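Dear colleague,

I am handing over the structure we spoke about, and I would be glad if you could look through it alongside the notes below.

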Amino acid sequence: MAARRSYGLTVKEIGGNGKALTVGLVVATLLTTAAALWLSLRLYDQHEKDMRRQDILSAARQSALNFTSLDYRHYDRDSANVLESATGDFKKQFSAQTQDLTKLVAENRSVSEGHVLDAGIVRSDAHSARVLVVADSKVTNTAVPKGEARTYRLQLDLVYRDGRWLTSDVEFVG
């Protein structure tokens with residue numbers, strides 16, 4: 001009778017190496033799971049940072065647009081838009097000046113059509129940010145009825161309150 005050849009090993013033939021193989025597989029599985037979990041947490045953290053960055057830039061752009069787009073025909077609405085995205089001292093100051101500005105804007109028939117050209121974050125964390133914004137506007141009024149182009153470089157400080165980024169300070173820079 002012909003001899004049978006077997007290339008596979010039985011558990012009995014593996015002997016003590018079977019436990020080592022099992023332990024090795026368990027360790028490899030644990031290491032792979034830990035690495036996958038670590039990478040998932042890193043990706044989630046990066047996604048959160050990217051979303052926060054986009055939210056900050058969006059809020060700063062809108063705030064700058066509101067600030068540079070004012071029309072005497074509906075100044076109440078326009079100033080309310082500025083105040084809606086404002087907080088702190090900036091909100092207090094703008095609110096205190098609204099009555100005088102309403103009169104001045106109406107007397108001069110002022111219209112400012114703003115356009116945000118670019119915005120960049122200088123610094124940010126989970127609760128505050130500083131953003132530089134470059135905006136252009138075309139301003140018309142009784143003194144310049146054909147319009148005049150203006151460029152603004154604004155530094156906006158924002159704070160995160162009640163799930164929203166609000167402008168707490170605006171400075172003209174450069």
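What follows is a short account of one helix pair and of the strands that come after it in these notes.

Please keep in mind throughout that this is a predicted model.

I begin with the helices. Helix α3, which covers residues 75–84, packs with helix α4, which covers residues 88–108, at an angle of about 165°, and their axes are 10 Å apart. Because angles over 145 degrees count as roughly antiparallel, α3 and α4 are therefore described as roughly antiparallel to each other, and their crossing is right-handed. On the α3 side the contact is made by Tyr75, Asp76, Ser79, Val82 and Leu83, while α4 contributes Phe90, Lys91, Phe94, Ser95, Thr98, Leu101, Thr102 and Val105. Sorted by class, this contact of α3 with α4 has seven nonpolar, four polar and two charged residues.

I turn next to the strands. Strand β2 (residues 111–124) pairs with strand β3 (residues 128–140) in the antiparallel sense over twelve bridges, and a hairpin of three residues joins β2 to β3. If you would like a position from which to trace this pairing, Gly114 has Ser137 in β3 as its bridge partner.

Strand β3 also pairs with strand β4 (residues 148–161), again in the antiparallel sense and over twelve bridges. For this second pairing, a useful place to look is Ala129, which stands opposite Leu158 in β4.

With best wishes

Terms used:
Residues numbered from 1 in each chain as written. Predicted model: local features only at pLDDT ≥ 70, side-chain atom pairs only at ≥ 80, totals over all residues. Heavy atoms only, no water. Axes fitted to C-alpha atoms, helices over the stretch in contact; angles between N-to-C directions. Helix = DSSP H or I, 4+ residues; strand = E, 2+ residues; numbered from the N terminus. Parallel < 35°, antiparallel > 145°, perpendicular 65-115°, else oblique. Left-handed = near helix turned anticlockwise from the far one by under 90°. Contact = heavy atoms within 4.5 Å. Nonpolar A, V, L, I, M, F, W, Y, C, P; charged D, E, K, R; others polar. Pairing = 2+ DSSP bridges.
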